[in-house]
Amino acid sequence: MNVTDLVDAREQATPPPEVDSAATSGARVGSLLRPFAGKFAVVVALQVIGALAGLAPLLAVVEIGRGLLASGPVDRDHIWTVVIIGAVGLLVRLVFTSASFGLGHYVDGAVQLGFRRMLAAQLGRVPIGWFSRRRSGELAKVVGDDVSAVHPFIAHAPGELVAAFVVPLASLIYLLSIDWRLTLITLIPVLLAMLMVPFFMLPARTQEQKDFDAAMGRIASSVVEFVQGISVVKAFGGAERAHQKFLRAADDFVDIFSKWVRGMSVVAAAMQLWLSPPFVLLVVLIGGTSLITGGDLPAADLLPFLLLGLGLTAPIAALGHGFDDMQTAGRAVGRIKEVLDVEPLPEPENPVVARGHRVELRDVRFGYEDDQEVLRGIDLTLEPGTVTALVGPSGSGKSTLVQLLPRFFDPTHGCVMLGGVDLRELGSRELYGTVSFVFQDVRLLRASVAENIALAVPKADHDDIVRVARLANIHDRTLELPRGYDSIIGEDVKLSGGEAQRISIARALLADAPVLVLDEATAFIDPQTEHAVRQALTARGTDRTVLVIAHRLETIAHADTVVMLEDGAIVERGSPEDLLARGGKFAAFWQAQQSAVAQVEPSGAAVPGEETR
Ligand SMILES: Nc1ncnc2c1ncn2[C@@H]1O[C@H](COP(=O)(O)OP(=O)(O)OP(=O)(O)O)[C@@H](O)[C@H]1O
């Protein structure tokens, strides 16, 4: 896939025109299904005709039986006519049910495609930060498995349910026309089975079903966690413990499963007995024999009851299957709707153009959860042409703060402004064209090295790509790859963490955006490269606005301004020299970092002001 394909895919992922993107997910699901209502009706009609035609062979057998049992000579012509009618019925059934099956699957394919397009369009609109709270596995399940789960409901259920009701209904009418008393007797097994249905709906059963589903979920996630973390767990000798966790989940599951089975088994077994062919035949034979011996029914009339009586139980069995399919599809659609219901990042109707690229955060507050503020009243101005280093203990909110600049999230209070304009009033195209970011967690696309580097500038020429690749120290490595810059990442080559970071740095260099946000993405890179990269990215003389989460003392020492965060608030700010001289929290942080570095590298780190940039 190349960048053009990616852009095409995004464009294709826009919702079909008849779908109003502002509508609720329920309305959107409804509007997705509406265009197919006519075809759905045809699926059902074809199925009805096919199902009724399917009765012809059975009625033919009844008629042949009657003909053979009747007194006097057998009417051969009549028998052959009936045989032909039965065979034609069979053929009609085959043609019509096949057509219904084919059309049903066509509708199903179109609906699934619609769901996937809707989800793709929605995933393009939700805040980028929303993804960090979702496990990619969960999303893959929604877009893959849950969309597929509507298949039986759309492609099979209408046909099966129609067949299951139309055939017994037609049979019932036919049997009533022969003898109403034996018809009622034939219905006894169905009535007995129906008496069992409420037992499946008892609140206790529903709760057991929920416990069963939850236990299934727990066992699945403990397997995934076990497998995903196996290398770490093993390396730290915790395999035993992780294994225990999985075994506990499995034990719990067995307990819940036994309870569930105990609750269901008696009712299910009784129901199975009532609906079983031997029981149905027994009831019909007992009832039929007593009517025949009493002289109330000709013997030949027992035949249709024996043949068609068995089919009367079909709706109950179909209800069971259909109910299961409906519940599964219902749960899947629920999860799909949950994704469709995520509030998209509001796009301004009339985007305002930023004037310059000074970045200002004004009384910014933010929390991932309503009751937990991670950023508490941040006021900060990032001047063009300066580098601001963000420092602070782990969990103080540094990553959260920088993620507000590319609008991964919107602040819950206050605003982030670019060139005097609230980010919420800027069009996303302008925002992403202005703010570039390099984060620790690098994601590369399954595309060529060149396309990955040129992601923000798809029309960049090869020389430019090579120039930034050299600066990011990834050029030589790229030339060693099987197809050089055309090597597909993930197919031709698997890159190391450091190499992936260099590509993302080359990408940021090529994008040359006036605002750069860096989560010191140089952790995997050797000091020489790091120095060159830092110089290229934060070079003075350009009026780029740079905000960097600084872990290295060198980066901090070279910054124009250091901002120290603690517990979501700015506790100190100023030039590194001034802050050190002040002897406050930053000075203590610096000393602690320096002695940590000194233990690893005896030469120590530069002191601010000692080096020229
Ligand atoms: N996606 C998220 N959902 C919920 N809470 C989060 C999320 N990301 C971070 N947090 C919480 O927000 C707080 C600040 O985290 P943040 O990652 O911004 O800190 P940090 O200073 O960058 O830490 P570090 O230096 O360790 O990366 C922490 O308490 C963290 O648990």
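## A pair of strands to start from

A good place to begin is Val517, whose bridge partner in S8 is Leu547. This bridge belongs to a wider pairing: strand S7 (residues 515–519) and strand S8 (residues 545–549) run in the parallel sense and are joined over five bridges. Keep in mind as you look around that this is a predicted model.

## The sheet around them

S7 and S8 are part of an open sheet of six strands, which follow the order S6-S7-S8-S3-S9-S10 with mixed pairing. At its edges are strand S6 (435–438) and strand S10 (569–574), each of which pairs on one side only. From one strand to the next, the twist averages 20 degrees. As general background, strands of a sheet pair through backbone hydrogen bonds, in either a parallel or an antiparallel way.

A helix also meets this part of the sheet. Helix H21 (residues 497–511) lies across S6 and S7, and its direction makes an angle of about 165 degrees with S6.

## The nonpolar cores

The largest nonpolar core contains 67 residues. Ala389, Leu390, Ile453, Val468, Ala506, Val548 and Val562 are the residues with the most contacts inside this core. Helix H21 appears again here, since it gives the most to the core, with eight residues. A second, separate core has 20 residues, including Phe115, Phe153, Ile154 and Leu340.

What does Leu390 touch, not counting residues up to four places away in sequence? Its contacts are Lys398, Leu401, Val402, Leu547, Val548, Ile549, Ala550, Val563 and Leu565. Among them is Leu547, the bridge partner of Val517 met at the start.

## Around the ligand

Now turn to the ligand, which has 12 residues around it. Tyr368, Ser394, Lys398, Ser399 and Thr400 come nearest. Helix H16 (residues 398–403) provides the largest share of this shell, with three residues.

Which kinds of residue make up the shell around the ligand: nonpolar, polar or charged? Eight are polar, two are nonpolar and two are charged. Lys398, one of the residues that come nearest to the ligand, is also touched by Leu390.

## A look at Glu430

Finally, visit Glu430 in helix H17 (residues 428–434). Glu430 counts as partly exposed because it has 17 C-beta neighbours inside 10 Å. Leaving aside neighbours within four places in sequence, Glu430 is in contact with Pro351, Val353 and Ala354. Of these, Val353 is 77 residues from Glu430 in sequence, while their C-alpha atoms are 7.8 Å apart in space.

Conventions. Residues numbered from 1 in each chain as written. Predicted model: local features only at pLDDT ≥ 70, side-chain atom pairs only at ≥ 80, totals over all residues. Pairing = 2+ DSSP bridges. Helix = DSSP H or I, 4+ residues; strand = E, 2+ residues; numbered from the N terminus. Axes fitted to C-alpha atoms, helices over the stretch in contact; angles between N-to-C directions. Contact = placed C-beta atoms within 7 Å. Near = placed C-beta within 6 Å. Nonpolar A, V, L, I, M, F, W, Y, C, P; charged D, E, K, R; others polar. Core = buried A, V, L, I, M, F, W, Y, C linked by C-beta atoms within 7 Å. Buried ≥ 20, exposed ≤ 12 C-beta atoms within 10 Å, placed from the backbone.
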